[in-house]
Amino acid sequence: MSEFARSRKEEIVRLVAEGRRMPVQRLAELLQVSPMTIRRDLAELEECGALTRVHGAAVLGREEGYERKAVEHVGEKRAIAAAAAALVKPGNTVFLDAGTTTFEIARLLLDVPGLTVVTDDIKIAFVLSQCSEAEVMCCGGRIQPETGSVVGMFANQMLGYIQFDCAFLGVASISSDFSVLTPTMEKVTLKQTVLANAERGYLVADSSKFNRKALMKVNALSAYTEVITTRVFSPEERRRLDAMGVCVHAVREE
């Protein structure tokens, strides 16, 4: 994909996010390209989950719902959570990203003393605040109803002030070249901000997250202290990961 085409698609997503619904013809006028080009871009953006086409227009895409994700790959997520929770020490300041794998981590931290937990997930915040002695901080901002995660400028600003001993970040997709991807722009800055402020940053990803597409690049696997995953890599993939300096913490589903 050319840089011009990539920039045009990012602008389409921005315009749709601002207007909630954008007709094809209006997008073509604003971006000074043909409606055919816009329709082709929209088809590719829909495939990535960034937006949805409806009756000659586009609306902002929705991330996969929490209820569906919560029942998928449960064994893998719990194995990853066990490995992740073992890395948390009493008294740590911890960030837990929104997601079902990080929710499993939260459940294993209920009895760890002296924790301060910051999260952008309202379900995680509720469970920890009600069932643990941890000091719990939940990001402010807009709540995505389908995921229960908090996003937006206020969340990003808040996270920019906090230093974390460790952070556990989820992921929507990991591409074949080991880029970490997300379907919406709102999550990019949030994840990058947390990782920049964390002494140790871990990516938690079950095997289903690999070789999947999404629109926005967050970073590469090499940006993390470790990638905690159930993915079984081929010898060629391991050579590529080693060359990139990626540290993999491999776990097995129990």
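Here is a quick look at one sheet, the helix lying on it, and a pair of crossing helices in a predicted model.

Let's start with the sheet. It is open, has seven strands with parallel pairing, and runs in the order S6-S5-S4-S9-S12-S14-S15. At the edges sit S6 and S15, each pairing on one side only. From one strand to the next, the twist averages 20°. Inside the sheet, S4 and S9 run parallel and are joined by three bridges; Phe95, for instance, has Ala167 in S9 as its bridge partner.

Helix H7 packs on this sheet, where it touches S4, S5 and S6, and its direction makes about 160° with that of S6. Gln130 belongs to H7. Is Gln130 buried or exposed? Its relative accessible area is 54%, so Gln130 counts as exposed, the cut-off being over 50%. Gln130 also lies 9.7 Å from Leu110, C-alpha to C-alpha, with the two 20 residues apart in sequence.

Now for the helix pair. The axes of H5 and H6 come within 8 Å and cross at roughly 50°, so the two helices are oblique to each other. Their crossing is right-handed. The contact brings together these residues:

| Helix | Residues | Contact residues |
|---|---|---|
| H5 | 74–85 | Lys77, Arg78, Ile80, Ala81, Ala82, Ala84, Ala85 |
| H6 | 100–108 | Thr100, Thr101, Glu104, Ile105, Arg107, Leu108 |

By type, the residues of the contact of H5 with H6 split into seven nonpolar, two polar and four charged.

Key. Residues numbered from 1 in each chain as written. Predicted model: local features only at pLDDT ≥ 70, side-chain atom pairs only at ≥ 80, totals over all residues. Heavy atoms only, no water. Helix = DSSP H or I, 4+ residues; strand = E, 2+ residues; numbered from the N terminus. Buried < 20%, exposed > 50% of the residue type's maximum accessible area, 1.4 Å probe, protein only. Pairing = 2+ DSSP bridges. Axes fitted to C-alpha atoms, helices over the stretch in contact; angles between N-to-C directions. Contact = heavy atoms within 4.5 Å. Parallel < 35°, antiparallel > 145°, perpendicular 65-115°, else oblique. Left-handed = near helix turned anticlockwise from the far one by under 90°. Nonpolar A, V, L, I, M, F, W, Y, C, P; charged D, E, K, R; others polar.
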